[in-house]
Amino acid sequence: MAKVRLLQLGALAAVLTLWALVAAVGVVSATALPGPGSVAGALGDLLGSGVFWQAVGETLRGAVTGLLVAIAVGIPVGLVTGVYAAAEESSRLLVEILRSFPVIALLPVFLLVLGSTPGMKATVVFIACVFPVLLQAQYGAQAVTPAIHETADSYRIPRLLRFRRVILPGAVPSIMTGLRLAATTSVLVSIGVEVLTTLPGMGHMIMESQQGGSSARAYAYILSAGAIGYAITLLAQFAEHRLLRWRPPVHPGGE
Amino acid sequence: MPWKAILRQLWLPALVFVVLLTATAGSTSFYFPPLTEVLTTLWEELAHGGLVEDLLFSLRNILLGLALATVVGVGAGLVIGEIRTLRLATAPLLDFARATPTVGFVPVIILTLGIGSGPKVFLIFLGSVWPILLNTVSGVQAIGPAVHETARGYRIPWPLRLRRVILPGALPQILAGIRVALSIAVVLMVVSEIYGSPVGLGNFILQSGSSFHVAETWAGTILIGVLGYGLSVLLLLVEHRVLGWYHQRAPRVRSTRPVPAEHTDSTESAKSNGVVV
Amino acid sequence: MTRGSSLYVEDLGMSFGEHRVLDGLSLRVDPGEAVCLVGPSGAGKTTLLRCLAGLTRPTGGRVRYGDQPLTEPHADIAVVSQDYRGSLLPWLGVWDNVAFPLQGRGVKKAVRRKRALECLEAVGLPDVAEKYPWQLSGGMQQRVAIARGLAYDAPVLLMDEPFGSVDAQSRFDLEDLTLQLRRRLGITVVVVTHDIDEAVYLGDRVVVLGGKPTVVLDNLTIPLGTDRDQLTTRADPRFAELRTRVLALIRGEKVPTAPEVARQ
């Protein structure tokens, strides 16, 4: 295990060195790609400043709000479409169209209709996050085999109980994947909205820094955003791992 | 022709469309013009207003960016997937890159590299390459050990192995990655045109929006939706042709692909699930 | 006419960490022989076969092919594994799968295809060349895997529980196919199986493995001739004796005395 960590640190060192080299050689202008040193310095300054943490808070607020609503809507609807084939068929085309719709393209329209408000940001996050959650819940419910349904039928298990103790637990692994994807998406979309509008948050700070000529600070914000997203991924993977220990180790592929 | 199946799938969307049509028909609301008006505006702009130019410009950028991302992502992904030490060493870095909002780079790139096509293509590439790369790595890993052993036992030389064993084997996951990359690419296509790009679909809606040309904004948004949907249908067709063998195997319970025990993913399952940046 | 060299296993041992699975195994397979390795589940028969194939290195002792040590897959040795479903490439058609090892050798497409068709005929599947593996039954898929081993033109064919996941009827057909191929082509065949009847039916010699850790319990010659068939051979009283003997060995019970079976 330690050897792996060493390798990973080595890879990180290699990337940082490469970055420093490219920046030093001046292949690209210093504003396009500031060196790791200046970015690190900017990052250090940021971490001490209240402005930074406020921006982080704004970004997270929009992300979490939209995410929670997406979960509240996506899971039930997904489970229903997963269990009832008729529902799935009816909704398939609509979901397919809406899903492939670039949410951020809705921004101009949303700006018109809802104005530049935190509510608008949360709404956009909601729309972006609801589909992964919905679809994963659907797949999870579909994973309940016909054999299990038949068994439940033959023991005449009432509908609600079936949902609660057969379908829902069976769908949990898939739902967890959906939650993980939606969580990372929520932060990305939140920042995306901030870049395109004047709403406060990390995205807005990136714009401001860049327009003010401070590339290093902009990069520092970008990296911080990446760190937050990465942290969320790690957390989610950890949660999945702990909660899903009952799953037999799956033999990948081949099938 | 399975008429009943088609009907079952179409009734709801058709209903929604009709409802929208009628509900907005007599609308005097400023922000929600009648659907008919939006559609006529769309038609007008396409026929006379140079919207086609915008469309082609954006389309060209996104296709170029995606093509680049596919070549680099698959190439690097195959190498990383095959070499265990490399894969283990770079895993956290790749996950971190995947989690970084490429949208954040837009100000930096555009303000320093200009508003031409090049920086836009680069941005699209930058955002799309990660899902493709990560899914390629995951796809290589997903190839069953029996397949690898057979190739080893019959002493298949590695160029042939790469071409006819590893690449086809990883293809389902690769295509899933491309599908995800597509949604990211469409978003970046729009966002990259934020700073007064002379042409472009994203620019069109952003301008229309800020000048309060409501019908145009809705029209442009619909067009982008159609573009995104059209590209994903195209990808689906490619998938069906190339992955005929994959889809026709013994029918399994429709479930998500099992999570490989070792590398728990930032990769999306072989069935796409609508992740958008 | 037999080709190829002898396979030698010399004092082979295999440990996984602290766990010693195989201990001091020695055996020899000569060109043209059909040898069956039989033993209880978990005895490490597959591990032994993999060492013979060059897919795994033993932790002790060695494997030789002719006078060369065998440490990686050899051009003279083809392996048919237990998992036929996993080892056939699903994205290649049947003849493509059969010809694939030849493509690895740089053989031209027309020549490859011809050879593949020949081998498919040899295993009794003249009509499936253009299909895909998923369209075939389990028994047929296993035949394709065997055809692939034949196409490789190797004098030695190693088979790991090749008929285990196939239905009983197909199993008899496949066993006969194996005997037939051996007669016609003069190849050396080593079969790992847990089915005692099968081992006695197929083999010129049966190597019985067992114990903890696994050792060679016995090396029995099967004097039933080369012309065997399912009906008469299995009804032969010597057949019953031999299988009883093998079963007793595996179970660690006393071997019932009987008119003699030649031993080595």
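Here is a friendly set of questions and answers about this predicted model.

Reader: How many helices and how many strands does chain A have?
Author: From the N terminus on, the elements of chain A run α-α-α-α-α-α-α-α-α-α. That pattern fits the count of secondary structure, which comes to ten helices and zero strands.

Reader: What percentage of the residues of chain A count as buried?
Author: The C-alpha atoms of chain A fill a box of roughly 70 × 55 × 30 Å along the principal axes. Among contacts in chain A with a separation of 6 or more, 76% come from residues 24 or more positions apart. Of the 255 residues of chain A, the share that counts as buried is 44%.

Reader: In chain A, where is confidence lowest among the helices, and where is it highest?
Author: Chain A averages a pLDDT of 84, and 95% of the residues score at least 70. The low end is helix α7 (residues 146-154) of chain A, with a mean of 77, while the high end, at 91, is helix α3 (residues 50-83) of chain A. So the names to remember are α7 of chain A for the lowest and α3 of chain A for the highest.

Reader: Over which residues of chain A is the pLDDT below 50?
Author: Look for a stretch that has 15 contacts in the model beyond near neighbours in sequence. The pLDDT is below 50 there, and the stretch is residues 250-255 of chain A.

Reader: How many nonpolar residues are on the side of chain B that touches chain A?
Author: Here 71 residues of chain B are in contact with 74 residues of chain A. Elements giving two or more residues to this side of chain B include α1 (3-23), α6 (117-142) and α10 (214-242) of chain B. By class, this side of chain B has 22 polar residues, six charged residues and, to answer you, 43 nonpolar residues.

Reader: Which element gives the largest share of the side of chain B that touches chain C?
Author: In this case 18 residues of chain B are in contact with 18 residues of chain C. Two elements of chain B, α7 (145-153) and α8 (158-191), give two or more residues to that side. The residues of that side divide into ten nonpolar, four polar and four charged. The largest share, six residues, comes from α7(B).

Reader: Is D23(C) buried, exposed or partly exposed?
Author: You can find D23(C) in strand β2 (residues 19-29) of chain C. Leaving out residues up to four places away in sequence, D23(C) touches G13(C), P213(C), T214(C) and V215(C). A residue needs 20 or more C-beta neighbours within 10 Å to be buried. D23(C) has 19 inside 10 Å, so D23(C) counts as partly exposed.

Reader: Which strands stand at the edges of the open sheet in chain C?
Author: Four strands of chain C form this open sheet in the order β2-β1-β4-β5, with antiparallel pairing. Seven bridges join β1 (residues 7-16) of chain C to β2(C), and in one of these pairings S15(C) has R20(C) as its bridge partner. Helix α1 (residues 45-53) of chain C packs on the sheet, its direction making about 55° with that of β2(C). Each edge strand has a single partner, so one side of each is left without a neighbour in the sheet, and these strands are β2 and β5 (68-69) of chain C.

Reader: How many residues of strand β8 of chain C are buried?
Author: Strand β8 (residues 188-193) of chain C pairs in the parallel sense with β7 (156-160) of chain C over five bridges, and five bridges also join it to β3 (34-38) of chain C, again parallel. T188(C), V190(C) and V192(C) point one way from β8(C), while V189(C), V191(C) and T193(C) point the other way, and all are buried. The count for the strand is therefore six of its six residues.

Reader: Which elements do the buried residues of α3 of chain C pack against?
Author: Nine of the eleven residues of helix α3 (residues 94-104) of chain C are buried, so the helix is largely enclosed by the rest of the structure. Among them are W95(C), F100(C) and L102(C). The elements that these buried residues pack against are α4 (109-122) and α5 (138-151) of chain C.

Conventions:
Residues numbered from 1 in each chain as written. Chains lettered and ligands numbered in written order. Predicted model: local features only at pLDDT ≥ 70, side-chain atom pairs only at ≥ 80, totals over all residues. Contact = placed C-beta atoms within 7 Å. Nonpolar A, V, L, I, M, F, W, Y, C, P; charged D, E, K, R; others polar. pLDDT = per-residue confidence, 0-100. Buried ≥ 20, exposed ≤ 12 C-beta atoms within 10 Å, placed from the backbone. Pairing = 2+ DSSP bridges. Axes fitted to C-alpha atoms, helices over the stretch in contact; angles between N-to-C directions.
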